Amino acid sequence: MGVFESPPPSYDETELLEIAEKYFGKTGKVKPLVSERDQNARLIDGDDEYVIKIANSAEDVGLIEFQNAVLNHVEKLDPELAVPKVIKGKDGNQIYRHGDNNVRLITFLKGDIFGDAPKSIPLYEDLGKFMGRFSNAMQGFGHPFGHQPDFLWNLDGAMFTKQYIDDIEDPENKELIEYFYERYETLVAPRLPKMRSAVIHSDANTYNLVSQGDKISGLIDFGDMLFAKQVNELAVTIGYAVLDVDDVFGVSRALIESYTKEFPLSEDELEVLMDLAAMRLVMSVCISSNRASKATSDEHREYLTVTQAPAFRTLKKLRKIGMGLLTAFARKMGGYDGHANLAGLKESLEGVKIGKLFDFDIYSEPRVLFNNAAGEPGTEHVLDPKAHSKWVTEFLDETESRYGLGNYGENRTSFTLGDGFKSHGSPADRTVHMAVDFWLRGTEKVYAPLDGVVQAIASNDDPFDYGTVLVLSHQVGDGPEFYTLYGHLAKDSVAHLSVGDSVSKGDHIATLGELTENGGWTPHLHFQLMLDMLDYEDGNFPGICEPELWEVWQDVCPHPNLLLGFIPEAFEHNPLTIEGMMSDRKEVLAPSLSVAYKKHIHMVRGVGPYLYDSSGRAFLDCVNNITHVGHCNPKVVEAIQKQAAILNTNSRYLYEGINKLAARVLDTMPDPLNVMFFVNSGSEANELALRLARHYTGRKTTVAVDWGYHGNTNATVAISAYKFNRKGGNGCPPETRLAEFPCPYQGRFNDYSEESGKAYAADVDNQIADLIEKTGEGPAAFIAESIAGVGGQVVYPDGYLKAVYEKIRAAGGLCIADEVQTGVGRTGHEWWAYRLQGVVPDIVSFGKPFGNGHPMAAVVTTREIADRFANGMEYFNSFGGNPVSCAIGQAVFDYVDGEGLREKAIETGGFIMDGMRDMMDRYPLIGQVRGKGMFFGAELVKDRDTKEVAPEEASRIVQFLREDAVLFSTDGPFDNVLKGKPPMVFGMDEAKIFITKLEKAFKRLYAEGF
């Protein structure tokens, strides 16, 4: 007969006292304690208290020895842990045979029985910590009687109790238990063999625990101890702890977090933890149902079935919460990502470009970020679909937005939407949004952003639900499978799709629904990313969650921005306004500093060929040549960070970087240009170039090309007609002579022939002659941009610079090539644009594109000129060529070379100029298209014959482009030249966007009249 069939001992009080005195020398008062198959009694001996334990006559003494060995082991390893201590008898033994029973004495643990005590989260936290300490203490312990594979309550043998399912009378309850067994057999049991085992208590139920306040003061009843899967210890504890509690998540969190801090569990163990916790309750109802079927009285049968009720209620709750979610919850609480594939998904989606989501470009169209917190504008209309839809349209109009973004992770406290949004596992409402919303004025077509397969289609007409929802599954490369969910669709629009259908990137998959068919919502797309369908295979996947579960859900439903690719600021409410910033700017900055565009832009980030405003809107940058290899180029950023963390000092010390960079630059220069000076800006470079020339020649006057720009210092403004001959300027200073602007389009000679080049160069003879006549000496230098930038992207006629250089040198002057805008490979054909003219300057200057916007620049000259300059007055530039700058310069050259940007400049620039030339047939305003590589322009004229300039029209084109998220500018003597000099990473994709939007701007201009 087994212990469950054998009647428990039943000694009276007198006999119990006799046992205590006879074997252990203890006396006092005896109080009976509850026990299922043994007899236990509390012995109070003065201030000392004990438990007399009388084992069932059918209990093997080996099992009792096993329990004592456990208690002795724990006392050695963690003596402060509140488990009973074994009391030795008079003769030193711990177990005595009394009649048919084995008896022993252990210490009594004071406190309230946990099941009857007030519960708090701190108490559950202490329980988890306690059991974690117990698991730690049991590591390394073994005992022959620990191996009890056939023990009825052994969670490892959960399949044994499946045979009792037929004893469950209620069909609904029977189906519930079958559900959990199916999960166990398919998802849990196959994983158990590889998991670690240990001797565990196995029965930390609420009546085997003692507590005092918020602390566990004891673990009792070691009768179910056995060798089993380690994870079962926490699973059993959780199973009993969540029994009939409202806050399943709060209790489970407290237990798992505190347990695993003491005793970490593996990912595999955590993934089966909550299923095993449920299986403890499943086993309990199966066993009790079997016993009820054998009960000899209706009273006993009713008692057994009534006591099952909390377990059935809890199992129903767990199923409603979703075992998949509880698995993710356990992983997260145990210290891992909520989903094992989260890191793999992020890696696989890095750099992925999705197809269009709508018929408009979500990146470049203006948008506004909605705020759905209680009390925010518009939220008062949430429960009134028509009023809310009206407000959305008005809000989009007011903010001049194409669409509104609804935030991922937003706690939508304004959404008090009824019982359907209550939590199944806590008292909280589900209010945190797990998707990105696209709010619109009306219905829009929706397109597949990636190749995929239809996973689910569902329609739900409940108020404030999804309406019709579509789920697609995807896989990118070797990455994990994932899903995208599209909510609030028109039901008829998905009629062409069935589960299992393949869709291609760019396919029209659905259309947004009207108010009447998408849950009563204003037309918008709920776009959600999921790593797992969990238990929602029908497509009715949650779109909002409880705030306390957000950290879990964001690992299962990561930010859709992994796919969308918006900048982070797109999802941040920026408190700054354009008006406020302009007001502050006027207070602290000089008024001579202008701000681009009539409608100013608050920029917050740059990436490659794009700048982003505070709403996250992407502006295609066609003007910022200074960020030569792209905004925030990762290689340049890495170079800055790495070198700045090691050394940054001045060039009076020796460091390798300055020599390496100088050698790298000089390798691109022809002889005899073989000496470098490092400075901090293009203005500084040109200022130094003038000093070199003036010192070498002993002269002061400079011949400069008209409409040139060479910097903002006194000396460089004095040679920049773009400054001194425009508003605020004082005209040409006496130390400067202006050579005729050699413009083959608007100038006297209208072609690019060598004859025209020589004809324009002839004016330099005039300037030299005038200079000699008035001063008695020739010029110190001639300076020109290698392609005129502010003059309107003017490429000089062939032979122009060659002829000019000959004339200047014949007059004893030096020739300076200003490569600030055109250097470092921008023209594509050469590293330096002066080489397109077949000349070798005496001095070359270049500026911040050399450092991708970092304040660095340089001057290259000949050894002879440099040596002459070294007359004893040291030229020292504190941070010209500092180690950080040199690391950056090296990174820029590496990137231009490594990415083939010079070659791409020829291809991309050619495509752009061909595209603009193609427009000339449709738009007579375009008088000429010109440029080299990524330095291009189009001159606008009202009449191609008279070449009357069209500055107003050029300005309007630039403003139209700005409205269409393209940054462009005008230049030239009359500001009628559309000027392009984008970052060199501007590729064919960007070129196509630019040409498309430029055509759109011209169409608008012609449509509006001019």
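## Salt bridges and charged surface

Asp770 is partly exposed, because its relative accessible area of 23% falls between the limits of 20% for buried and 50% for exposed. In this predicted model, the side chain of Asp770 meets that of Lys774 in a salt bridge with an N to O distance of 3.3 Å. Both residues belong to helix H20 (residues 754–775), where, being 4 residues apart, they are separated by about one helical turn. Lys774 is exposed, with a relative accessible area of 60%.

The structure holds 54 salt bridges, and three of the pairs are set out here.

| Pair | N to O distance |
|---|---|
| Asp770 and Lys774 | 3.3 Å |
| Glu172 and Lys316 | 3.5 Å |
| Asp975 and Arg726 | 2.9 Å |

Glu172 lies in helix H4 (residues 171–188) and Lys316 in helix H8 (residues 298–321), so that their pairing ties together parts that are 144 residues apart in sequence. Glu172 is exposed at 51% relative accessible area, while Lys316 is partly exposed at 34%.

The pair of Asp975 and Arg726 joins two loops, one between strand E38 (969–971) and strand E39 (977–980), the other between helix H19 (721–724) and strand E29 (736–739), and so ties together parts that are 249 residues apart in sequence. Asp975 is partly exposed, with a relative accessible area of 27%, and Arg726 is also partly exposed, at 24%.

A network of salt bridges links Arg191, Lys194, Glu267, Asp268, Glu271 and Arg331. Elsewhere, Asp12, Glu13, Glu15 and Glu18 form a negative surface patch; Glu18 is placed in helix H1 (residues 13–24) and counts as exposed at 51% relative accessibility.

Notes:
Residues are numbered from 1 along each chain as its sequence is written. This is a predicted model: local features need pLDDT of at least 70, side-chain atom pairs count only at pLDDT 80 or more; totals for chains, interfaces and linings use all residues. Side-chain values use heavy atoms; hydrogens and water are left out. Patches are made of residues with over 30% relative accessible area and no salt bridge: like charges are joined within 9 Å, nonpolar side chains (Val, Leu, Ile, Met, Phe, Trp, Tyr) within 5 Å. Accessible areas come from the Shrake-Rupley method with a 1.4 Å probe; for residues, only the protein chains shown count as cover. A salt bridge is a side-chain nitrogen of Lys or Arg within 4 Å of a carboxyl oxygen of Asp or Glu. Lys and Arg count as positive and Asp and Glu as negative; His and the chain ends are not counted. The place of a charge is taken as NZ of Lys, CZ of Arg, CG of Asp or CD of Glu. Buried means under 20% relative accessible area, exposed over 50%, partly exposed in between (1.4 Å probe, protein chains only).
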